[in-house]
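User: Could you walk me through this structure with a few questions and answers? I would like to hear about its cores, charged pairs and surface.

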Amino acid sequence: MPEPSASPQTLLDHWIPQWQFEERHSLAIRGTPGQISAAVREITPGEIPLVQLMMRIRQPFARRTATVKPILEAARHELFLNLEDTPHELVMGLAGRFWTPSGGRVRLNSKQEFKAFKRPGYAKAAVNFRILPLDAGRSLLTTETRVVTYGRSATLKFGLYWWLAVRWGSGWIRVLWLRAIRARVEHSA
């Protein structure tokens, strides 16, 4: 399990400083941090090739939202909690039994409930989008997901789910998501 850094490098570090599962993807984008931040919040599933098919494979029984609604807005309806929202980093969190067909999501009503959540047999996940300026006119957009599990059974079940069913699909969705954000920003410039 990675150790937390001495001083937080990201806002995500505050919410999940130690984890068992992690995935990170980055992409340089020509545009202002404001343009990139807006695109992160406004991108829709319809702008990301194959995303709906891959999400159906990942969770065949999950409810689906319209392809015109921004992904992050739809995520809030799926019980994701907005943990941080700054011009340079957005962090959202969720708790549940992600390896079950329904996802076993837990309704958490506050940031404090998310931070305190440690229910045996469950997992807690946080995802961020972080914008780091590179040079004149370019920034690096990074998305990272961290998952911490509670109890041996949850770790084994989530680990099996992660390595056999999710990691490849989730990783590919993230890459396509970042590319769609870049296309939106660079085509609007």
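Here are the questions, each with a short answer.

Analyst: Happy to help! This is a predicted model, in which local features need pLDDT of at least 70, side-chain atom pairs count only at pLDDT 80 or more, and totals for chains, interfaces and linings use all residues. Residues are numbered from 1 along each chain as its sequence is written, and side-chain values use heavy atoms, with hydrogens and water left out.

User: Which element gives the largest share of the largest nonpolar core?

Analyst: A nonpolar core is a set of buried Ala, Val, Leu, Ile, Met, Phe, Trp, Tyr and Cys residues joined through side-chain atoms within 4.5 Å, where buried means under 20% relative accessible area, exposed over 50% and partly exposed in between (1.4 Å probe, protein chains only). The largest core has 23 residues, and W177 and I181 are among the members that touch the most others. Helices and strands here are DSSP runs (H or I, at least four residues; E, at least two), numbered from the N terminus. The largest share, seven residues, comes from α6.

User: Which residue's side chain makes a polar contact with the side chain of E89?

Analyst: E89 is in strand β3 and is buried, with a relative accessible area of 6%. A polar contact is a pair of N or O atoms within 3.5 Å; within protein, one must be able to donate a hydrogen and the other to accept it, and residues adjacent in sequence count only if both atoms are side-chain atoms. At 2.8 Å, the partner of the E89 side chain is that of N128.

User: How many residues apart in sequence are the parts that R146 and D13 tie together?

Analyst: A salt bridge is a side-chain nitrogen of Lys or Arg within 4 Å of a carboxyl oxygen of Asp or Glu. R146 and D13 form one, with their closest N and O atoms 2.8 Å apart, and both residues are buried. R146 lies in strand β5 and D13 in helix α1, so the parts they tie together are separated in sequence by 133 residues.

User: Where does R41, the salt-bridge partner of D85, lie?

Analyst: The side chains of R41 and D85 meet at 2.3 Å, N to O. At 25% relative accessibility, R41 counts as partly exposed, and D85 is partly exposed too, at 44%. D85 lies in strand β2 and R41 in helix α2.

User: Is L164 buried or exposed?

Analyst: L164 is found in helix α6. Its relative accessibility is 60%, so L164 counts as exposed.
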